[in-house]
Protein chains: 2
Amino acid sequence: MARALGVSATTVSRALKDHYSIGKSTIRKVKKKAAEMGYEPNAIASSLRKKKTNAIGVIVSHINRPFISSLISGIEAVCSRYGYNVIITQSLDSYKKEREDVKTMFNSRVDGLIVSLAAETDRYEHFDPFIKNNYPLVFADRVSFEIDTDKVLVDNFDAAYMATNHLIGQGYRRIGHLAGVQQRHMYQKRLEGYLTALRDHRMPVDENVIHYSKLSYEDGINGAETLLNRDLRPDAIFASNDTSAIGFMQYAEECGYSIPDEIGVVGFNNDPVSSIIRPQLTTIDHPAVEIGKKAAEIVLDKVSGKSQTQIPQTISFKTKLLIRNSSVKGSPRGGSNAS
Amino acid sequence: MARALGVSATTVSRALKDHYSIGKSTIRKVKKKAAEMGYEPNAIASSLRKKKTNAIGVIVSHINRPFISSLISGIEAVCSRYGYNVIITQSLDSYKKEREDVKTMFNSRVDGLIVSLAAETDRYEHFDPFIKNNYPLVFADRVSFEIDTDKVLVDNFDAAYMATNHLIGQGYRRIGHLAGVQQRHMYQKRLEGYLTALRDHRMPVDENVIHYSKLSYEDGINGAETLLNRDLRPDAIFASNDTSAIGFMQYAEECGYSIPDEIGVVGFNNDPVSSIIRPQLTTIDHPAVEIGKKAAEIVLDKVSGKSQTQIPQTISFKTKLLIRNSSVKGSPRGGSNAS
DNA sequence: AGATATTACACAATCGATTGTGTGAAAATT
DNA sequence: AATTTTCACACAATCGATTGTGTAATATCT
């Protein structure tokens, strides 16, 4: 292309990169010409030759969810800093779509792939192309331990334990749980942490105060409707996400229960809404952006060959319990913008 | 590659696409072999040759915002259906970053570009590579009329007019406004719609009840603090987004004002939080996903050559006013899950 | 049977940047 | 002055799929 300015393509290519074998005057000349004719190198051709696309693939369930979009934001921030593009698809929690997405990503020859698994997924052969070719593959947040890859997640067990422990410490005696799909490891761990905390305090475990669902706002309402009508209703609830916790809380209030005095509520994720809702929701701070950043760093380290270890690592972030008004008896209903 | 099975690359390439000039038996043979050796075509090479990447670029300000992530979700849904990848970058509302992003997108040779402008942006030369090469370029939501491209947005004037009109109809007599950065066309139009509604009802316009900001939650609080301490405080507010509306509302409540009886509040966007907060927030339903879908459709139509017209079109979505409790005097504070 | 049409595939160029190797010319060395 | 070293650049192959053209082999027709 730019060889219409007298020199060979070789020279142009090398001049633009300050190659040692090109004369200084030529470099200046080429750069000037390139600038004035608005020349931009074709990344496609470069990718083909270098077998490197400078693109990282990301597969998530739904882009428009607070947690997921923060995750992506973190990934993009890191990738962009290192000159990598981010290609995104959403599996919509469908195993089939996820399969296709993985294939698409592979065909696009992304340099690495970050995945937050679809809810449906319970087999993992579709990741074989990446595994077998030793392409960087990192699972973020929604991971599976049935496949041997790098994983970045939070310590769900610990977080759930903290949350439940907190409710116990606040004097609640019959703590229920809104549990998620047990297919996903994260929700299993949250249930386990909850159960273990109860047992450690020699409190009875009652399956009747555990409600399984997909944790939507409506599921929270349904959960409240179900659990609060039991003979022995719970006097507190630990929900596996904020959305369902708020559904639960609002239904309980409509039934005339006072939060937190009669029923304590703890959520999970620290969605923006949790600090805006009144009473403010006690929840687990989930470092979504950090997880995204870390996942991206791992992938990029592998891509650049910086990372030595071939054995997959699992990075587990510690979470923080954010104690707010929904779980502390005697709290004011509104105000006190302490987040 | 797959020519290690007896035939030429030509034949393989054509067999996989059921080219007419390839024998049926050969096609079957090639496909079988390809399947069993897990052959996947290299999209990069294909892109280079066909000058088509099957990728659409998306530049937004911040990925992790309810509105933006929904926009992206819509874009991805359409692109994915037509076999296109979505490459995303976030400008972080920086003009400089947006510039770089556009260049990156161009170098990646995306087949089309969808942009929601950075708040800072007030020049548009960086889009020249797309304009001059006649690559599809569509602005979504945060558009500018200083550059001649396709645009997809909502009728901000009409929405603001409706919102203000509604407040007037509810008997509020001194309606304030939380206005956004006037750099952006959308916030100008919302201000105009607000002003026009007032004038049409022969109500006085008072700059003292208009508060300009970036519309964060804190900006909403500041706005309330400022406006409610004026000699003639507003008895209602129309905010240019939900986030600031909620900040305003909560601060007002903390000051002891009753919403909606003493002060009416209307937001903009229909963020998820708006129907969860109590009192539920009257707001404008902003079809973010639809805007994303439409923008993607326009781009893809141009890419595939379906679209005849060369003259840029502006698609303006009508919005709906969602009347909830924050603006209807005598409404109950909580409950009534009518969204 | 000979001529024409059809079928089935291979050849070779191409997309645009990259990179190892080759080669003149200028500079440095003995 | 002859030789070695350094410098500055061009040649040509390559990445892998695509595509217009060429050409055998088979089928169809008169």
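## How helix α2 of chain A packs

In this predicted model, the buried residues of α2(A) (under 20% relative accessible area, 1.4 Å probe, protein chains only) pack against α1 (9–15) of chain A, with contact meaning heavy atoms within 4.5 Å. Those buried residues are Thr26(A), Ile27(A), Val30(A) and Ala34(A). They cover an arc of only 100° around the axis, so they sit on the same side of α2(A); the arc is taken from the directions from the helix axis to the C-beta atoms. An α-helix has 3.6 residues a turn, so residues three or four places apart point the same way.

Flip to the other side of α2(A) and you'll find exposed residues, including Lys24(A), Arg28(A) and Glu36(A); exposed is over 50%. After α2(A) comes Gly38(A), with a positive phi near 60°.

## Around DNA strand C

Strand C has 24 residues around it, each with a heavy atom within 4 Å. Sugar and phosphate make up 56% of the strand's atoms that come within 4 Å of the protein. Helix α3(A) gives the most to this surface, four residues.

Now for some polar contacts (N or O pairs within 3.5 Å). Arg49(A) has a polar side-chain atom 2.3 Å from a base oxygen of strand C, while for Arg14(A) a base oxygen is 3.1 Å away from a side-chain N or O. Tyr39(A) goes for a phosphate oxygen instead, at 2.7 Å.

## Reading the numbers

Residues are numbered from 1 along each chain, and chains are lettered from A and ligands numbered from 1 as written. Local features need pLDDT of at least 70 and side-chain atom pairs 80 or more, while totals for chains, interfaces and linings use all residues, and side-chain values use heavy atoms, without hydrogens and water.

Conventions
Helix = DSSP H or I, 4+ residues; strand = E, 2+ residues; numbered from the N terminus. Polar contact = N/O pair within 3.5 Å; in protein donor to acceptor, adjacent residues only side chain to side chain.
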